[in-house]
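Trainee: Got a minute to go through this model with me? I'd like to talk helices and packing.
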Amino acid sequence: MNLRRAQKEDLLLLFDWANDPETRKAAFNSEQIPIEKHTSWFLGKLAHVDSDIYILEYNNISIGQVRFDKREEDGAFLIDYSIDLKYRGRGFGSEIIALGLRAQTEKFGKAPTFVAFVKKQNVASQKCFLKVGFRQESSESEFVTYKYSERYEK
């Protein structure tokens with residue numbers, strides 16, 4: 001398994017993953033994403049210093065993405081991930097999260113705080129975050145908030 005930074009050439013790959021019907025169902029905005037909007041968003045993320053997108057490769061096949069966006073209000077990183085439909089249910093969700101956390105920790109020299117919002121009905125993602133050490137912070141009407149901090153390890 002290999003985690004690499006996303007590149008411009010990954011634009012259509014992430015577009016396809018983002019518009020997968022199951023991915024849209026798990027997203028907070030379930031509408032299909034037009035290519036123009038995705039292109040602008042993706043290129044903006046690649047250029048932004050406070051955003052990182054990584055691609056998980058398994059046997060040299062791209063199977064998922066994990067993204068980190070720094071929040072202005074508290075400096076924590078919002079994490080989002082998705083796994084290609086063909087590879088779901090095989091444990092890659094927790095693996096991509098763990099590898100992403102490691103990459104971000106190496107980038108900063110220490111683990112920043114990470115936050116994830118998961119729809120209540122997305123039990124598989126909830127289990128993935130718990131498996132890698134996130135703690136449930138709250139459970140709002142539509143989603144569950146998870147938080148990961150280096151202090152949890154102590």
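Trainee: What follows α5, and what is the sign of its phi?
Mentor: G133 follows α5, and its phi is positive, near 110°. Helices here are DSSP runs of H or I, at least four residues, and strands are runs of E, at least two, numbered from the N terminus.

Trainee: Any ground rules before we go on?
Mentor: This is a predicted model: local features need pLDDT of at least 70, side-chain atom pairs count only at pLDDT 80 or more, and totals for chains, interfaces and linings use all residues. Residues are numbered from 1 along each chain as its sequence is written, and side-chain values use heavy atoms, with hydrogens and water left out.

Trainee: Which residues of α5 are buried?
Mentor: S125, Q126, C128 and F129, in a helix that covers residues 123–131. They sit on the same side of α5, because their arc around the axis is only 160°. The arc is taken from the directions from the helix axis to the C-beta atoms. Buried means under 20% relative accessible area, exposed over 50%, partly exposed in between, with a 1.4 Å probe and protein chains only.

Trainee: And which are exposed on the other side?
Mentor: A124, K127 and K131.

Trainee: What does the buried side of α5 pack against?
Mentor: β4 (77–83), α4 (92–108), β5 (114–119) and β7 (143–148). Contact means heavy atoms within 4.5 Å.

Trainee: How do α4 and α5 cross?
Mentor: Their axes come within 8 Å and cross at roughly 45°. α4 is therefore oblique to α5. Axes are lines fitted to C-alpha atoms, for helices over the stretch in contact, with angles from 0 to 180 degrees between N-to-C directions. Under 35 degrees counts as roughly parallel, over 145 as roughly antiparallel, 65 to 115 as roughly perpendicular, and the rest as oblique.

Trainee: Which residues make that contact?
Mentor: G93, S94 and I97 of α4, with C128, F129 and K131 of α5.

Trainee: Switching to α1 and α3. What is their crossing angle?
Mentor: Roughly 120°, with the axes coming within 10 Å. α1 spans residues 11–18 and α3 residues 35–47. The two are therefore oblique to each other.

Trainee: Which residues meet there?
Mentor: L11, L12, L14 and F15 from α1 meet I35, H38, T39, F42 and L43 from α3.

Trainee: Last one. Is D84 buried or exposed?
Mentor: Buried, with a relative accessible area of 12%. D84 lies in the loop between β4 and α4. Leaving aside neighbours within four places in sequence, D84 is in contact with W17, I63 and G64.
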